[in-house]
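Dear colleague,

Please find below the structure I am handing over to you. My notes on what was found in it follow.

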Amino acid sequence: MSGGAELGFTEHLFKVLVIGDHKVGKTSFVKRYVKNQFYEELKTTIGVDFSMKVIDWDSHTRVRLQLWDIAGQERLRGLNRVFFKRSSGALVVYDMTNGSTLDGALNWKHELDSQVMLKNGRPIPAVLLANKCDETKVCRRNASLLEKLCQEKGFIGWFQTSAKENINVDEAAKFLVKHILQNNEESVKEEEQNMQINLKQQSKSNSTCC
Amino acid sequence: VYGAQHPPLDPRRHRLSLNSKSKKPSTFHEFARSTNDAWDIDDEEDDGMFSLKQPSSSPVQSRSMPQTPCVKFIKAPEETEVVKSCSDAQLNVNAGMLVKQQSLPVRPVIPLVARISDQNASGAPPMTVREKTRLDKFKQLLASPNTDLEELRKHSWSGIPREVRPVTWRLLSGYLPANRERRDLVLQRKREEYFGFIEQYYHSRTDENHRDTYRQIHIDIPRTNPLIPLFQQPLVQEVFERILFIWAIRHPASGYVQGINDLVTPFFVVFLSEFVEEDVENFEMASLPQDTQRNIEADSFWCMSKLLDGIQDNYTFAQPGIQIKVKALEELVSRIDEDVHVHFQKCEVEYLQFAFRWMNNLLMRELPLRCTIRLWDTYQAESEGFSHFHLYVCAAFLIKWRKEILSMLDFQSLLMLLQNLPTIHWGNEEVGLLLAEAYRLKYMFADAPSHYKR
């Protein structure tokens, strides 16, 4: 999903999922990230909501993030396969003030991994967001638990965030984008290598043929 | 004008004028700025709303105001004044308008959301001779010992006059019997039955097996109509909670699914409007007598139940009804507007990505509430309105934006457009045209072989 390089300038388009149980703050997170605004009450998301965020990553890279904010209610999960496909990364959100939503987040991660993967078969990068951190504090025990969960469940990292107070919103997204870009570079390299191998094989087979 | 003719005039004739009237955002960024639903109003730069709020002393300026103050005319049947010319009406409207405007609190929200109960956003006079005749016809039908439901449907198709809407909805939904003598008895029995359910089941909301259902409903209620003061009243929120909880536990195959909460709103607003002279949106529910409050609640429950009976497979596991309808929409659009269909394919837009919500919430998220109420007049007049005719309305709705759709050249801008269609100024007239087009599509394309392609 990356644009052509022109004069060394590259533009990427990545699809990023925002998933997690209902009412954990997915839409609020996206609105804060994209519009830098916070709304006390938002309507429930039905199906999926799209937003775009354009990031000038560095002087020669622009990243367009297509954010897919997916409805949290269980009932709709049958459709997730359709919504998940071809995504490059995910923000998995839970609500720190509601412990059961962490279990929910792990379920979402599990489902994510069963539906999409990178070309090389590895899971797509996912960041765990402990949202609404303005309402509570992460104690040290929690922190080490989250650390452990990240390793066990294959998150690339976790952040405590607050869409309301604008805490770690950009940071978490940036962290994810960094990994997506790395994956993207790796897969481009792999593809180039594969292409070279193919070419070699082709020329080999050609030569034996003649 | 209450909307489309039935059967409709040639809707194609109207289409041009409709298109040219709609304000179409010209850039992707204009859409990006306003990524909210039709009746959210957080983007203050939208649509020149500000000009409507400013107190104006010139009658010419107030002309563009939707005309809530006429409610009083329409409310009191005995005093109903038949207005013979536009200017008569305008004078009266303007007089009311000035007073109204001065009392408006200085809040950037009012004008468009405020009109939830208002039927004529386009500023037509309160009641023309023709409308008076229509109203009389409804009254006559409703007053007869046995209301001819077929006849009532025929007249309702093109919009139900506001003052007879509550009773007409009760009749059309099958809640109230056609036999006039039996009505009071049935109402009394059904209302008692509902409050029997409450007594029997509502305490179980804290039980292990119902706790999650209740919690989800409880969380969703404040998010159902955020920003409309009426729905922020604890009393009103409790009404919604009870209605939804009782419905959910009595329908375990679906239970509570997000979106169903929206479907209570039109019934509640219409039944409440029977007792409200001013704007429903700012009404204090607590000022009504207990009995009245209870009746509104019970009637909303039963009518919503009747509606959901017809579309329950929208909300059972994996929502098969919706998946089927989205597929059907895709198939239909591929036949009626190949350009749009192919354009979607080219940009890799899938119908499920935008039409899921159209089906799940019956377009309520795409239209202002006043339009949904008008739409439901017709849905209740059509046989299988909510389950079948809605599909054609969705197709007509999509095609209505064909020019805008075809001007968007990539996935993102298309999705942003489709998620934020600019209907915020819509009123009866637009819905009338939409329905007329849907009727035409149904007539031409229902089960029709593909040689009907245009």
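Leaving aside neighbours within four places in sequence, Phe268(B) is in contact (heavy atoms within 4.5 Å) with Leu230(B), Phe231(B), Val236(B), Val239(B), Phe240(B), Met285(B), Ile296(B) and Ser300(B). Another core, of 23 residues, lies apart from the one that holds Phe268(B), and includes Val30(A), Tyr33(A), Leu67(A) and Leu91(A). A nonpolar core here is a set of buried Ala, Val, Leu, Ile, Met, Phe, Trp, Tyr and Cys residues joined through side-chain atoms within 4.5 Å, buried being under 20% relative accessible area with a 1.4 Å probe, protein chains only.

This is a predicted model, in which local features need pLDDT of at least 70 and side-chain atom pairs count only at pLDDT 80 or more, while totals for chains, interfaces and linings use all residues. Residues are numbered from 1 along each chain as its sequence is written, chains are lettered from A and ligands numbered from 1 in the order in which they are written, and side-chain values use heavy atoms, without hydrogens and water.

Turning to the interface, chain A contributes 28 residues to the contact and chain B 43 residues. About 3300 Å² is buried between the two chains, 55% of it from carbon and sulfur atoms; this is the accessible area (1.4 Å probe) lost on putting the two parts together, summed over both. The chains share 3 salt bridges (a side-chain nitrogen of Lys or Arg within 4 Å of a carboxyl oxygen of Asp or Glu). Arg357(B) and Asp49(A) form a salt bridge through their side chains, at 3.4 Å from N to O.

Yours sincerely

Methods:
Buried means under 20% relative accessible area, exposed over 50%, partly exposed in between (1.4 Å probe, protein chains only).
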